[in-house]
Structure formats: structure tokens, C-alpha cells
Amino acid sequence: MNRRDFIKMTGALAGAGMLSGLPLSALAKENKPTRLKFDSYISDNTGPSRLDNWFLSELEKRAGDQVNIRRYWSASLNRAGEHLAAVRDKTSEMSLISPGYYQAELPVTRGLEWYYRMDRADALQQVCRDVYQEFSPLREEWEQRHRSKVMYWTNWNYAPLITRKPIRSIEDLKGMRIRGYGASTDVIEGLGATAVPVAAPEVYTSLERGVLDGVYGFDFITAVSYKLHEIAPYMTDIGDGPHAPSATIMNLSIWNAMPESLQNICNEIVEEIYAEQYRNVMDSANRLYVKRALDEGAKFHIWSDDQKLAARDLVQPNQTNKWIERVANRARIDGEAMQTLINAAINKHSSSGSLARPEEIALGI
């Protein structure tokens, strides 16, 4: 074959997309960036959003032109309560999911929602990770029922009791009207107050008008962002532990279609989140918002150990048993087996938690 014929043949093969055994369409597809819409019902300055932003920014930085991410905050793409279905049905590819909005759709995950069983939010994140890996009904709820992969577990940090007047003991709560959300209502009612359902945007005016005496189940960073301390300046650690486990998820088929190199980058970043970044991100935010709250007149208090123990006994194990009896049994979930795994994970990780509460930061403890 002469040189001219060889050039013609290779040109024809290239034109047909036969070089390297791949059609050109496949080569183009392989080089096409993975496009992701991250969709959240909360604003970008709230606690979990700070971690999500860190993950997304690191992914963009490390993956370069392998990925293209668009962020939609404050329910700008889907409304609150629609995000689980949106990821499942590929309206968006990634989202933060707070189980309290999806009580019927996430009965197994609700077994992770409780108070007065551990102290530190960074340890709770590790507990959720272990249980997700070890309890197959939890994985199946996300991966089969909702066609989603849990990228990483997160939570809403800490939720002080926020009140118009000082609350030094359980007795001071008797008869008070406290805004509650999801599992937090068990705490309010267990401690003798009345739980009042009020939508988050209406909480400030409800405090201002005296409809509410206080707020519980509102994470610290969001509470300060909403300026609740202007009306209810007393923030109290009642010994309840971390608040509201949540998950950042991705549509499973989108994940499976991603190049292995991009999956590896995601997994690398997730490992860093569990190792220290959740704690670093949340501690930085807590310290920033504690300073802001103090400058604006907030007052912090921590209940005595005796009060904390008394409160715990009023809430647990009643709260956990309530989930087993009213949710797990009806959904044919082995709730006791799940809680056994949770207890083992709590024993394993509790001592490693170190994320300081806002009250500890404010009081210099």
C-alpha cells in the first residue's frame, strides 16, 4: 500500500469513528462533562448548606471540566417537601433531604431521629453512616424505593431551647407554648410544655405577638439568621444532644452513569467530610454566629447535670419506643434490630465527638 492510499484509508476510518475501536459519538460522550443540578429547600448560609457548598466547590475544583454544577437554593427549583421525588425522578440530580418533611416516605430513616441519646453532632454523623452501611432496610429505603444514593450524612448541628424568659429548670417549662417540629415535639411535651406547630417563616411574628413563649427544634445558625434572639434572647442547652439527621443524596442512575474517575473524586471528598470537614465547617459557622448573637443581646445558659438527666429520663426511651410501636411495626420494619445497631454505633463513636455547642462557645467552656 502506497503512502497516498494509507492516508486515505486512515482518514476514512477516522471519519467513520472506527479508530481505537470506538465510534466518535462514544468518544464525544466520554468527554462530555457530567451535569448536576443541586437543589435545596434552604438558603446557602444555613448550617447544612455550608457543608454542601464545601462538597460542591471541592468537586468542581478537583474534577475540573469533568463536571458542571448548578446550584438552586431556597426552593428556587422545587418547593420544600418535593425534593425527594425530584431526585428520584431526575428533576434534579442532588439535594439535601431532611426526613421530617417526608415522614410517610422515609419510615426507616425516621428511626435515626431522636434526642437525649448522645452528645455531639459530629458523632451522630458517624452513627448514621454506620447504620446505613449495616442495616439493609435503611439502604433499600433510599436506593430501591427512592432510587437515590446517600452521598453523605449530615445534620442540623444543635437546637437550643430559645425562649422569651430564662428557663433554669424543667419546672420553668410547665405550661409554656413552644414551637415544635417533627421529633422535637416529643421533647417539648415530655418536659411538660405545649408543642405548637408554626411554619418557620411565621415563628418570628408568633414570638413577637406572644403566640409563642419559645422555640425548639430550630437549629442555632438558622435561629440567629431569622433573628429570633431579638424577641427571645435566652438560648439554653437542655442536654438534648445533636439535632435532626439529614442526608445529601444523588439520583442512583446518575451516580452509576458517572465516570469511575469522577466517582472516585466524590468518594475522596466524602471521606474528608467524615474525617474532619463536617466538624471544621460547623465549628467555624457556630463561632461566627455565637459572636453575632452575643453582640445582638443573646444570653446563653446550660442546664445543670441533674436537670439534664431528669429531662433525659422524661424523653427516653419513650421517644424511641414510640417510633418502634407507631412507625416501625406498622411498616414491618424490625425496629428493635435497628435500634440495637444504633446503640452499638453510639457506643463506638460517642467518645470521638468534639463539636462544641453554641452555649459552650459563648460561655468559654
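Here is a short back-and-forth about strand pairing and salt bridges in a predicted model.

Student: In which sense do strands β1 and β2 pair?
Tutor: Take β1 as residues 34-39 and β2 as residues 67-72. Six bridges connect these two strands, and one spot to look at is arginine 35, which sits opposite asparagine 68 of β2. The sense of the pairing is parallel.

Student: What handedness does the β-α-β unit have?
Tutor: The unit is made of β1, β2 and helix α3, with α3 covering residues 47-63. With the strands pointing away from you, a path from the first strand over the helix to the second that runs clockwise counts as right-handed. For this unit the answer is right-handed.

Student: Which residue of helix α11 meets arginine 62 in a salt bridge?
Tutor: Arginine 62 belongs to helix α3, and its partner lies 206 residues away in α11, the helix of residues 260-295. The two side chains come to 2.9 Å, N to O, so they pass the cut-off of 4 Å. The partner is glutamate 268.

Student: Is glutamate 268 buried, partly exposed or exposed?
Tutor: Its relative accessible area is 42%. Buried would need under 20% and exposed over 50%, so this value falls in between. Arginine 62 gets that label too, at 27%. Glutamate 268 is partly exposed.

Student: Which residues does the network with Arg62 and Glu268 join?
Tutor: Look for salt bridges that share partners. Such bridges tie Arg62 and Glu268 into one network with further residues. The full set is Glu58, Lys61, Arg62, Glu268 and Glu272.

Student: What is the relative accessibility of aspartate 130, which meets lysine 348 in a salt bridge?
Tutor: The side chains of aspartate 130 and lysine 348 meet at 3.5 Å, N to O. The pair links helix α5 (aspartate 130) with helix α14 (lysine 348), 218 residues apart. Lysine 348 is exposed at 54%. Aspartate 130, in contrast, counts as buried, because its relative accessibility is just 9%.

Student: How far apart, N to O, are the side chains of aspartate 186 and lysine 322?
Tutor: Aspartate 186 is in helix α7 and lysine 322 in helix α13, 136 residues apart along the chain. Aspartate 186 is buried at 17%, while lysine 322 is partly exposed at 30%. Their side chains still meet in a salt bridge, and the N to O distance is 2.7 Å.

Student: How many salt bridges does the whole structure hold?
Tutor: Side chains of opposite charge can pair when their charged atoms come close. Arginine 62 with glutamate 268 is one such pair. Searching the whole structure gives a count of 23.

Technical notes. Residues are numbered from 1 along each chain as its sequence is written. This is a predicted model: local features need pLDDT of at least 70, side-chain atom pairs count only at pLDDT 80 or more; totals for chains, interfaces and linings use all residues. Side-chain values use heavy atoms; hydrogens and water are left out. Two strands pair if DSSP finds at least two bridges between them. Helices (H or I, at least four residues) and strands (E, at least two) are DSSP runs, numbered from the N terminus. Buried means under 20% relative accessible area, exposed over 50%, partly exposed in between (1.4 Å probe, protein chains only).
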